[in-house]
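This report describes side-chain interactions in a single model, covering charges over rings, aromatic pairs, nonpolar cores, salt bridges and disulfides. The sequence and structure are shown first.

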Amino acid sequence: QLQLVESGGGLVQPGGSLRLSCTASGFTLDHYAVGWFRQAPGKEREGVSCIATSDGSTYSLDSVKGRFTISRDNAKNTIYLQMNSLKSEDTGFYYCAAERAYGYCSGYVRYPRQYDMSYWGKGTLVTVSS
C-alpha cells in the first residue's frame, strides 16, 4: 500500500523552529514531485514548498523563502521541511503529497487547485503561539 506519513508538528513559540518529515512506504520517491502544503483554520489549502526528486530542484513560496528549507534523505525515503523563524501565520495543518514527475514540481505548489497530486498524507499540526 502506498502511503505518506508526516511527523514533527507541534507547538512552538514565534521565532522558533520545527522540522517536519514525510516518509513514504510502499514506493520509493525517485522521480517524484513531493510538495508540502498547509491549511490554516478557515482558509484554503496552499502550497508551501516542493522538491523534484529526479534532479533535486526545489521551489518555495515567497512568504517562506529564507525561512523554510526542503530536503531529501534517499536512504530513509523521507522528505524534510526545516522551518525556522516561525510566525503565527505559519500555523496550520501541514500535508505532504507526491506525484510522479521528472525535474518539475513548482506548478503543484503554485497552482494547487489546478494541479492535484496523487498521494497525500494525513497531515501534522503546527501551532505557532506564545
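In this predicted model, the charged end of Arg19 is placed over the ring of Tyr80, at 4.1 Å from the ring centre. A second such arrangement involves Arg45, whose charged end sits over the ring of Trp120, 4.0 Å from its centre.

**Aromatic pairs**

The structure contains 7 aromatic pairs. One of them is formed by Phe27 and Tyr32: the ring centres are 5.3 Å apart and the planes meet at 55°, so the pair is tilted. Phe27 and Tyr32 are both buried. Together with Tyr119, these two residues belong to a cluster linked by ring pairs.

**Nonpolar cores**

The largest nonpolar core has 26 residues, of which Trp36, Phe68, Ile79, Leu81, Met83 and Tyr94 touch the most other members. Two or more residues each come from strands S3 (18-25), S4 (32-39), S5 (46-52), S7 (68-73), S8 (78-83), S9 (92-100) and S11 (124-128). The greatest contribution is that of S3, which supplies 4 residues. Beyond its neighbours within four places in sequence, Ile79 is in contact with residues including Leu20, Cys22, Val34, Trp36, Ile51 and Ile70. Another core, of 10 residues, lies apart from the largest one; Ala33, Cys50, Tyr108 and Val109 are among its members.

**Salt bridges**

The model holds 6 salt bridges. Three of them are listed below with their N to O distances.

| Residue pair | N to O distance |
|---|---|
| Asp30 and Arg72 | 2.6 Å |
| Arg38 and Glu46 | 2.7 Å |
| Asp90 and Arg38 | 2.9 Å |

For the salt bridge of Asp30 with Arg72, the partners come from the loop between S3 and S4 and from strand S7 respectively, so the contact ties together parts 42 residues apart in sequence. Asp30 counts as partly exposed, at 37% relative accessibility. Arg72 is also partly exposed, its relative accessible area being 22%.

Arg38 takes part in salt bridges with Glu46 and with Asp90. The relative accessible area of Arg38 is 7%, and this residue is therefore buried; Glu46 is partly exposed at 31%. The pair of Asp90 and Arg38 links distant parts of the chain, with Asp90 in the loop between S8 and S9 and Arg38 in strand S4, 52 residues apart. Both of these residues are buried. Through shared partners, salt bridges join Arg38, Glu46, Arg67 and Asp90 into one network.

**Disulfides**

A search of the whole structure yields 2 disulfides. Cys22 is joined to Cys96, with an S to S distance of 2.1 Å. The torsion about this S-S bond is about 70°, so the disulfide of Cys22 and Cys96 is right-handed. Cys22 lies in strand S3 and Cys96 in strand S9, 74 residues apart, and the pair thereby links distant parts of the chain. Cys22 and Cys96 are buried.

The other disulfide is that of Cys50 and Cys105, whose sulfur atoms are 2.1 Å apart. The link of Cys50 and Cys105 is right-handed, with 70° about the S-S bond. Cys50 is in strand S5 and Cys105 in the loop between S9 and helix H1 (106-110), so the pair ties together parts 55 residues apart in sequence. Cys50 and Cys105 are buried. With bonded cysteines counted along the chain, the disulfides follow the pattern 1-3, 2-4.

Definitions and conventions. Residues numbered from 1 in each chain as written. Predicted model: local features only at pLDDT ≥ 70, side-chain atom pairs only at ≥ 80, totals over all residues. Heavy atoms only, no water. Phe/Tyr/Trp six-rings, centres within 6.5 Å; stacked < 30°, edge-to-face > 60°. Buried < 20%, exposed > 50% of the residue type's maximum accessible area, 1.4 Å probe, protein only. Lys NZ or Arg CZ within 6 Å of the ring centre and 35° of its normal. Core = buried A, V, L, I, M, F, W, Y, C linked by side-chain atoms within 4.5 Å. Contact = heavy atoms within 4.5 Å. Salt bridge = Lys/Arg side-chain N within 4 Å of Asp/Glu carboxyl O. Disulfide = S-S within 2.5 Å.
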